[in-house]
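Me: Please take a close look at the nonpolar core of this model. I want to know what builds it, and what sits around the parts that build it.

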Amino acid sequence: MDRNMQEEFTQIVKFQPPLYKQRYQFVKDLVEKYKPKKVADLGCGDCSLLWMLKFCSCIEVLAGLDICANKMKEKMHTLSPLPVDYLQPSERSLTVTLHHGSVAHKDPCMLGFDLVTCIELIEHLEESELKKFPEVVFGFMAPSIVVISTPNSEFNTLLPGVKLYRHPDHKFEWSQAQFQSWALETARCYDYSVEFTGVGQPPTGMEKIGFCTQIGVFLRKYPQTGESVQSEKPTEAVYKTVFKAVYPSLKDEKYLQNAVIREVTFTAEIMKHHFMLKRAECSDDPERKPKSQPPVDCFSDCLGKLVIEKNMEPFVSGNEVYIPLTTIFCFPKVKRLCGTFEKLCKLIAGKVTLSSDGSAVMFNIEHENE
């Protein structure tokens, strides 16, 4: 390459979005494609990738591993549930765990993952660690998919200030040929296929240099049997768990019950107002007309789509209004939460004011219009 041209490119190579965001987006796109339920990020650092992945609805288990516990502890609070997660629990379960340890060691807590990510990790490994890395990740953990990203040393001449390696902790940086040779041999040994790609496009006219970050996506060829996993399992754990968060989920009975009670109460309240409004419109006594009318237009549309039989209509007896549970159960969100009418009755028993026979939600309207 002409020296003047090289210096010119060195001044202009900038990535938008930043390169680390492109790497994370690559992983996120892969998650959206393959829908893994269990994902482990080796060399998770400040947990930024884990934070992004916790919003992927397919993931139920997230685990991070890093040799530096302090780095994880600085940002691990970002992986904790927020108040809104308790107010509106997700339909999926989610557990996030952080472990302190080395990727050169085997620990049974890392078994059973669908996807393992190693983003800008291998270049930080000592030679002895790098030799053990394939056996730990591909032989022991044996996930369906492994994603490994690492710097492309051929791109370094275009990066300002880079003389040898991009980071002082890097033990090596591979060319495209070196990375592909290592990846192909690793894939062959452990029955994986591997595809090469990357992020950080080179300048126009310099495509042979390749991506700034080179990426290998490994796919396991054959399902791993339970027996082979068991035979590899060590007798004791070697990682130290430094963080664990279990998110509230509708799969948990207590959160499901709270959600059902809120939805049933809300639906019954709106139906009561709708019923009282219609009743007042049929009355000649202006004093009985409600002084305020709730915004029930959307609800009315939904209610109108339901086939309401005579025994499913709200009714008044004395100072009480009764909203049949069969009608409430017809509403999509209630039905989705409960699944069956029997489950609805079980979840709200003793938590919602019902008629004596338990067939309807009951409201006292004695002071309704005062």
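Reply: **The nonpolar core**

The largest nonpolar core holds 41 residues. Those with the most contacts inside it are Val31, Leu53, Ile59, Leu98, Val147, Phe155 and Phe243. A nonpolar core here is a set of buried Ala, Val, Leu, Ile, Met, Phe, Trp, Tyr and Cys residues joined through side-chain atoms within 4.5 Å. Seven elements each supply at least two of its residues: H2, H3, S3 (95–100), S4, S5, S7 and S8 (240–246). Helix H2 gives the most, with six residues. A second, separate core has 32 residues, including Cys118, Phe140, Phe179 and Tyr239.

This is a predicted model: local features need pLDDT of at least 70, side-chain atom pairs count only at pLDDT 80 or more, and totals for chains, interfaces and linings use all residues. Residues are numbered from 1 along each chain as its sequence is written, and side-chain values use heavy atoms, with hydrogens and water left out.

Some context for the whole chain. The protein chain has 13 helices and eleven strands. These are DSSP runs numbered from the N terminus (helices H or I, at least four residues; strands E, at least two). Of the 370 residues, 45% are buried. Buried means under 20% relative accessible area, exposed over 50% and partly exposed in between (1.4 Å probe, protein chains only). Take the contacts with a separation of 6 or more: residues 24 or more positions apart account for 75% of them. A contact is a pair with heavy atoms within 4.5 Å.

Now the main contributor. H2 covers residues 19–34, 16 in number. It reaches 23 Å from first C-alpha to last, close to the 22 Å expected at 1.5 Å a residue. That expected span is 1.5 Å times one less than the number of residues. Which residues of H2 are buried? They are Leu19, Gln22, Arg23, Tyr24, Phe26, Val27, Leu30 and Val31. Their cover includes helix H3 (48–53) and the strands S4 (115–119), S5 (145–151), S6 (192–199) and S7 (213–220).

Look at both sides of H2. Pro17 lies in the loop between H1 (3–12) and H2. The peptide bond from Gln16 to Pro17 is cis, with omega near -5°. Lys35 comes just after H2, in the loop between H2 and S1. Its phi is near 55°, a positive value in a residue other than glycine. Lys35 counts as exposed, because its relative accessibility is 51%. Most residues other than glycine have a negative phi, and most peptide bonds are trans.

Ile59 links back to H2. Not counting neighbours within four places in sequence, Ile59 contacts Val31, Pro36, Lys37, Val39, Leu53, Arg92, Ser93 and Leu94. Val31 and Leu53 are also on the list of residues with the most core contacts.

Next, Cys47. It sits in the loop between S1 (38–42) and H3. Its relative accessible area is 0%, so Cys47 is buried. It has a positive phi of about 70° although it is not a glycine. Beyond four places in sequence, Cys47 contacts Met72, Met76, Leu79 and Leu98. Cys47 and Leu79 are 32 residues apart in sequence, yet 8.0 Å apart in space, C-alpha to C-alpha.

Leu79 belongs to the loop between H4 (69–75) and H5 (83–87). Leu79 is buried too, with a relative accessible area of 0%. Outside the four-place window, Leu79 contacts Cys47, Leu50, Trp51, Lys54, Val96, Leu98, Phe243, Ala245 and Tyr247. Lys54 is 25 residues from Leu79 in sequence and 7.8 Å away, C-alpha to C-alpha.

Strand S8 also holds Thr241. Thr241 counts as partly exposed because its relative accessibility is 45%. Setting aside residues up to four places away, Thr241 touches Thr97, Leu98 and His99. The C-alpha atoms of Thr241 and His99 are 4.4 Å apart, across 142 residues of chain.

Last, Ser175. It occupies the loop between S5 and H7 (176–189). At 15% relative accessibility, Ser175 counts as buried. Its contacts beyond four places in sequence are Asn152, Ser153, Glu154 and Gln214.

One general point fits here. In soluble globular proteins, nonpolar side chains tend to be buried together.
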